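Biologist: I would like a close look at a single part of this protein. Please pick one spot, walk me through its surroundings, and then show me how it fits into the whole.

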Amino acid sequence: MSFKPIVFFFLFLMLAQQSNAQKAFLSGVVKDEQGRGLELVTVGVVGTANGTTTKANGSYELVLQAGKKITIVFKLLGYKEERKIVTLQAGEKKQLDVVVH
């Protein structure tokens, strides 16, 4: 019996686990000045294609690269653009709520 398939399988598992460990998770709610959640706000990572839009209640979730200073931008027509800088560690989950004006 050859051990090559078993070795490659375990190597694949180790690499998959390592790549997942380099991720961090950011979530939150985007609200207006009256405290109402805003739908369809664009939430993105500056300089990348990584982004999402908020749900009907203003909530969002992003998966980010850990260990780097990242600028998050919040945009919605009729509101001033907001930018927040975050740095998250591998596996960290952080809540970032934003009020747009």
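Modeller: What follows is a tour that starts at one loop residue and moves outward. Keep in mind that this is a predicted model.

Start with Leu 38. Leu 38 sits in the loop between strand S1 (23-31) and strand S2 (42-45). Is this loop residue buried or exposed? Its relative accessible area is 9%. The cut-off for buried is under 20%, so Leu 38 counts as buried.

What is packed around Leu 38? Set aside the neighbours within four places in sequence. Leu 38 then contacts Val 30, Lys 31 and Asp 32. Its contacts also include Thr 54, Lys 55 and Gly 58. Leu 76, Tyr 79 and Val 100 are on the list too. The C-alpha atoms of Leu 38 and Thr 53 are 9.9 Å apart, with their positions 15 residues apart along the chain.

Now take one of those contacts, Thr 54. Thr 54 lies in the loop between S3 and S4. Thr 54 is buried, because its relative accessibility is 3%. The side chain of Thr 54 has polar business with the loop that holds Leu 38. A polar atom of that side chain lies 2.6 Å from the backbone oxygen of Leu 38. A polar atom of the Thr 54 side chain also lies 2.9 Å from the backbone nitrogen of Val 41. Beyond four places in sequence, Thr 54 touches Leu 38, Glu 39, Leu 40 and Val 41. Thr 54 also touches Val 30, Val 43, Ser 59 and Tyr 60.

Val 30 touches both Leu 38 and Thr 54. Val 30 belongs to strand S1. How accessible is Val 30? Its relative accessibility is 0%, so Val 30 counts as buried. Other contacts of Val 30 include Arg 36, Gly 37 and Val 41. Gly 58, Tyr 60 and Phe 74 are among them as well, and so are Val 98 and Val 100. Val 30 and Asn 57 are 27 residues apart in sequence, yet their C-alpha atoms are 8.4 Å apart in space.

Asn 57 leads on to Ser 59. The side chains of Ser 59 and Asn 57 make a polar contact at 2.8 Å. Ser 59 is in strand S4. With a relative accessible area of 17%, Ser 59 is buried. Leaving out neighbours within four places in sequence, Ser 59 contacts Gly 28, Val 29, Thr 53 and Thr 54.

Next, step back to the sheet. Four strands form an open sheet in the order S3-S2-S5-S6, with antiparallel pairing. Strand S3 (51-53) and strand S6 (82-87) are at the edges. Each has a single partner strand, so one side of each has no neighbour in the sheet. From one strand to the next, the twist averages 20°.

The pairs can be taken in turn. S2 and S3 pair over three bridges, and Thr 42 has Thr 53 as its bridge partner in S3. S2 and S5 are joined by four bridges. Here Val 45 is partnered by Ile 72 in S5. S5 and S6 are joined by six bridges, and Ile 72 stands opposite Lys 84 in S6. The hairpin of S5 and S6 has six residues between the strands, and in it Gly 78 takes a positive phi near 95°.

Ile 72 also appears in the largest nonpolar core, which has 19 residues. Tyr 60, Leu 64, Ile 72 and Phe 74 touch the most other members of this core. The elements that give two or more residues to the core are S1, S2, strand S4 (59-65) and strand S5 (69-75). Leu 64 is a good example of the packing. Beyond four places in sequence, its contacts include Leu 26, Val 45, Ile 70, Ile 72, Val 86 and Leu 88.

Finally, the whole protein. How many helices and strands are there? There is one helix and there are eight strands. Along the sequence the pattern is α-β-β-β-β-β-β-β-β. The protein has 101 residues, and 28% of them are buried. Of the contacts with a separation of 6 or more, 53% join residues 24 or more positions apart. The accessible surface is about 7,000 Å², and carbon and sulfur atoms account for 57% of that surface.

How values were computed. Residues numbered from 1 in each chain as written. Predicted model: local features only at pLDDT ≥ 70, side-chain atom pairs only at ≥ 80, totals over all residues. Heavy atoms only, no water. Buried < 20%, exposed > 50% of the residue type's maximum accessible area, 1.4 Å probe, protein only. Contact = heavy atoms within 4.5 Å. Core = buried A, V, L, I, M, F, W, Y, C linked by side-chain atoms within 4.5 Å. Pairing = 2+ DSSP bridges. Axes fitted to C-alpha atoms, helices over the stretch in contact; angles between N-to-C directions. Polar contact = N/O pair within 3.5 Å; in protein donor to acceptor, adjacent residues only side chain to side chain. Areas by Shrake-Rupley, 256 points an atom, 1.4 Å probe, with all protein chains shown as cover.
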